[in-house]
Amino acid sequence: MTTGSGHDQPREGASSLGASSPGAGDQSVAVVSDRDMDAAGRRSTARSSLRGRPALYTDYARDQAIWNTNAKRVWTLVLVVVALLVPFQIMPVIGASLGTPNMVNLLTTVAIFAIGGIGLNLVTGYAGQVSLGHAFFLAIGAYTAAILGGSPDRGLVGYELDVWIWLPLAGLVPMVIGLIVAPLAARVRGLYLAILTLGLVMVGEHVFKEARPLTGGAGVGRAAARPRIGEWDLFSRQTLFGFEFRRGDLFYLLCVVLLIVLGILARNLARSRQGRAFAAVRDRDIAAEVMGVPLLRTKVVAFGVSSFYAGIAGALLATSIGHVTAERWNLFLSIDFLAVILIGGVATISGSIMGAAFVVLLPRGVELFAPHMPFVGGVGSGAFMTTFQLQRILFGLLIVGFLVLEPRGLFGLWLRVRNYFKAWPFSY
């Protein structure tokens, strides 16, 4: 039973549009809580920012999103579509015009180097732990794949497993070794850490030469794993869904898909709580420890994740080449991956991809232009320098140039160009 004027009183803090108070007659009073007004204000600000100022963020979630602008969404979709259509439409025409019919193999190597570059960028760029031992973890992944997916020829150990078995294990085995080595590496930093990781490459190269049942021995090596799923070989010619895949096209698509998945995972890790811990340790480890960041755990996680990416890249690289030799996993390979992140951009996922494309395609560009350079020739030609020497000189000059002039590498140059056009016609 209700008493009084017969009108229900609005509850405190609730919105009762059209409800009238006692004695108000025909007049209605809208009671709106402060919470509703704040929510409406935020929605209005978000709508106005989307219309007129798309780069104005009103919350941290939108600011830290992977694709936080329409331009990033569109360009990412365009690049993915182009990468997937490369084997069928684009690269045959470009390769024929450049005299390089097998351009798909070059782009496969770009995708593999990008995966390995992302892994090195996580430990060196994001976490600040300088590593020259990336080639060691690449070799562990390559030999794990060769043992699990290779054939037992010439007395070698091989189990001929499918690619969906040996590829994840090629990342997990180096990750376990990285987690074992990481506590030792976490006790030093700077130049001492670089020397320690360089020692891994030297020790690993000696072990790989002597472990003949697993690696084939020095100068001989062994066949790499075949990317098979049952009787279906990703290297062979196939016809699927009306499309004819040439030799290596399916393996290229596998590498591109892995690059997309692992790149997104790395970007999510970088913007997570663990990624912020990486950045804190990189910028000032003592201050990070004072603020509660566990230094040992952060460095161990960085080495473990980086080793996983390196193992995947090593397995794919060996499979793409078709043969694994102990001499390949040396300091020069570590320097190549260091050049990937320094030229592409430190602490950027996109920079790792840019740097991988530059490092892989630059030698091919030098080979194309070498006949037009009188001072460059082959081994034994009597020229001032060989093509290989010119490549190494260019790598060194580019690393020094980017470190001095543009520390963020190609990604930094892209930011400069993008910001110029965003601010045009203004200079600020």
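**A walk from the surface to the core**

Let's start at R416, which is exposed, with a relative accessible area of 54%. Here, exposed means over 50% relative accessible area, buried means under 20%, and partly exposed is in between (1.4 Å probe, protein chains only). What you're looking at is a predicted model, where local features need pLDDT of at least 70 and side-chain atom pairs count only at pLDDT 80 or more, while totals for chains, interfaces and linings use all residues. Residues are numbered from 1 along each chain as its sequence is written, and side-chain values use heavy atoms, with hydrogens and water left out.

Back to R416, which forms a salt bridge with E406, the closest N and O atoms being 2.6 Å apart. The pair links distant parts of the chain: R416 belongs to helix α16, while E406 sits ten residues away in the loop between α15 (387-405) and α16. Unlike the exposed R416, E406 counts as buried, at a relative accessible area of 10%. A salt bridge here is a side-chain nitrogen of Lys or Arg within 4 Å of a carboxyl oxygen of Asp or Glu. Helices (H or I, at least four residues) and strands (E, at least two) are DSSP runs, numbered from the N terminus.

Helix α16 covers residues 409-423, and W414 is found there too. With a relative accessible area of 42%, W414 is partly exposed. Together with V417, Y420, F421 and W424, W414 makes a nonpolar surface patch of about 620 Å². To join such a patch, a residue needs over 30% relative accessible area and no salt bridge; nonpolar side chains (Val, Leu, Ile, Met, Phe, Trp, Tyr) are joined within 5 Å, and like charges within 9 Å in charged patches.

Now step back to the whole chain. Its 428 residues are 42% buried, and the fold has 16 helices and eight strands. About 23,700 Å² of the chain is exposed, with carbon and sulfur atoms supplying 65% of that area; areas come from the Shrake-Rupley method with a 1.4 Å probe, and for residues only the protein chains shown count as cover. Take the contacts (heavy atoms within 4.5 Å) between residues at least 6 apart in sequence: 67% of them join residues at least 24 apart.

What about the inside? In soluble globular proteins, nonpolar side chains tend to be buried together. The largest nonpolar core in this chain has 86 residues, and F113, I115, W166, L167, L316 and W329 touch the most other members. Helix α4 (residues 103-126) gives this core its largest share, 13 residues. A core of this kind is a set of buried Ala, Val, Leu, Ile, Met, Phe, Trp, Tyr and Cys residues joined through side-chain atoms within 4.5 Å. Zoom in on L167: not counting residues up to four places away in sequence, L167 touches L258, I312, A315 and L316. Apart from the largest core lies another, of ten residues, including A83, V86, L234 and V256.

Follow the chain past α4 and you come to Q129, in the loop between α4 and α5 (134-149). Is Q129 buried or exposed? Q129 is buried, with a relative accessible area of 4%. A polar atom of the Q129 side chain lies 3.0 Å from the backbone oxygen of A127. Beyond its neighbours within four places in sequence, Q129 is in contact with V123, T124, L193, V281, K299 and F303. The C-alpha atom of Q129 is 9.9 Å from that of L191, though the two residues are 62 apart along the chain. L191 lies in helix α7 (residues 191-210) and is exposed, at 64% relative accessible area.

Helix α7 also holds both E205 and K209, four residues apart, about one turn of the helix. These two form a salt bridge, with their closest N and O atoms 3.8 Å apart. Another of the nine salt bridges in the structure joins D285 and R189, whose closest N and O atoms are 2.5 Å apart. D285 lies in helix α11 (residues 285-290) and R189 in the loop between α6 (163-185) and α7, so the pair ties together parts that are 96 residues apart in sequence. D285 is buried, at 12% relative accessible area, whereas R189 is partly exposed, at 47%.

Last stop: T215, in helix α8 (residues 212-215). T215 counts as buried, at 4% relative accessibility. A polar atom of its side chain lies 2.4 Å from the backbone oxygen of F208, and the T215 side chain also reaches the backbone oxygen of A211 at 2.7 Å.

How values were computed: A polar contact is a pair of N or O atoms within 3.5 Å; within protein, one must be able to donate a hydrogen and the other to accept it, and residues adjacent in sequence count only if both atoms are side-chain atoms.
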